[in-house]
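User: I have just opened this model and would like a walk through it. Could you take my questions as they come?

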Amino acid sequence: MTETLFESDLKSLRRRHRGKVRDIYDVDERHMLIVTTDRLSAFDVVLPTPIPGKGAVLTAMSNFWFARTRGIIANHLADIPLEKILKDSAERQQVEERAIVVKKLKALPVEAIVRGYLVGSGWKEYKKSGTVCGIPLPAGLQEADRLPQPIFTPSTKADVGQHDENISFDKAAELLGKDLAMKVRDASLTLYKDAAAYALTRGIIIADTKFEFGLDDNGTLTLIDEVLTPDSSRFWPADTYRP
């Protein structure tokens, strides 16, 4: 795909939200259309120059992981073809390969981050206190060291232009309720371990990643948004990795 899409413009649907990368449209009371554009964001700022085909690549990667992990947890994909939602061929062509039809769910107000390696804001905190999000870690670790085991370090969900803030598990339990917070933590760790093991067979280290979850009408925990893409994860080449 060489066409670049900075902003989608679908007249036949009502746009309900424009995020840093994704445009979201209402389909009906139970479904939405998510369009992954070629916008690039860094440090919570949307940059003016898009990356051709980026949205299609992110969509394909997310769809791969949604399919691979559906035995672990339900996800938001709806079994509805794009042709049924966008009757106009020009509109369909505008977002083909970068649009998915999903179920409307109640999104949880916490981002579920799993870290397998000591890097980024986790490294900064560790240097000061020997902890990451309040979790004590062994002394003497180097930047980018593999952790003894993956850790769950949730954060708040910030608006566009604002920064997410790392929070403790106890704070996440206050926001979600303890039982739901435990379900989110356990699902996140299981997803990360499965994905990280698979990625290593392809020569890729997943240093850390962010998951997002929602609840359906029955209260079922469901994986939403994107999953295990370079926008939500740190991918490192295993053959050149060094702490």
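User: Which residues does valine 227 touch, not counting residues up to four places away in sequence?

Analyst: Valine 227 touches Met61, Ser62, Trp65, Phe66, Phe211 and Ser232, once residues up to four places away in sequence are set aside; contact here means heavy atoms within 4.5 Å. This is a predicted model, in which local features need pLDDT of at least 70 and side-chain atom pairs count only at pLDDT 80 or more, while totals for chains, interfaces and linings use all residues. Residues are numbered from 1 along each chain as its sequence is written, and side-chain values use heavy atoms, with hydrogens and water left out.

User: Where is valine 227 found, and is it buried or exposed?

Analyst: Valine 227 is found in the loop between β15 (221–224) and β16 (233–237), where helices (H or I, at least four residues) and strands (E, at least two) are DSSP runs, numbered from the N terminus. With a relative accessible area of 0%, valine 227 is buried; buried means under 20% relative accessible area, exposed over 50%, and partly exposed in between, with a 1.4 Å probe and protein chains only. From valine 227 to leucine 191 there are 36 residues in sequence and 9.8 Å in space, C-alpha to C-alpha.

User: Zooming out, how many helices and strands does the protein have?

Analyst: The secondary structure of the protein comes to 6 helices and 16 strands. The radius of gyration is 18 Å, close to the 18 Å that the globule rule gives for 243 residues, so the protein is as compact as a globular protein of that length. That radius is taken over C-alpha atoms, and the globule rule is 2.2 Å times the number of residues to the power 0.38. Taken along the principal axes, the C-alpha atoms fill a box of roughly 60 × 40 × 35 Å.

User: And what share of the residues counts as buried?

Analyst: Of the 243 residues, 46% count as buried. Among contacts between residues at least 6 apart in sequence, 63% join residues at least 24 apart.

User: Back to single residues: which side chains have polar contacts with aspartate 26?

Analyst: The side chain of aspartate 26 has a polar contact of 2.4 Å with that of arginine 14 and one of 2.9 Å with that of lysine 104. A polar contact is a pair of N or O atoms within 3.5 Å; within protein, one must be able to donate a hydrogen and the other to accept it, and residues adjacent in sequence count only if both atoms are side-chain atoms. Aspartate 26 lies in strand β2 (residues 22–26) and counts as buried at 12% relative accessibility. Not counting residues up to four places away in sequence, the residues that aspartate 26 touches include His31 and Met32.

User: What about threonine 59, where is that found?

Analyst: Threonine 59 is found in helix α1 (residues 54–69), and with a relative accessible area of 6% it is buried. A polar atom of its side chain lies 2.8 Å from the backbone oxygen of glycine 55. Leaving aside neighbours within four places in sequence, threonine 59 is in contact with Thr36, Glu97, Arg98 and Ile100.

User: Which residues have a positive phi although they are not glycines?

Analyst: Cysteine 133 is one of them, with a phi of about 55°, and alanine 144 is another, with a phi of about 75°. Cysteine 133 sits in the loop between β10 (131–132) and β11 (135–136), and alanine 144 in the loop between β11 and β12 (146–152). Cysteine 133 counts as buried at 11% relative accessibility, and alanine 144 counts as buried at 11% as well.

User: Lysine 157 caught my eye too; how accessible is it?

Analyst: Lysine 157 counts as partly exposed, at 32% relative accessibility, and it is found in the loop between β13 (155–156) and α5 (169–176). Its contacts, leaving aside neighbours within four places in sequence, include Ala107, Leu108, Asp164 and Glu212. Lysine 157 and proline 81 are 76 residues apart in sequence and 30 Å apart in space, C-alpha to C-alpha.

User: Last one: where is valine 45 found?

Analyst: Valine 45 is found in strand β5 (residues 45–46) and counts as partly exposed, at 45% relative accessibility.
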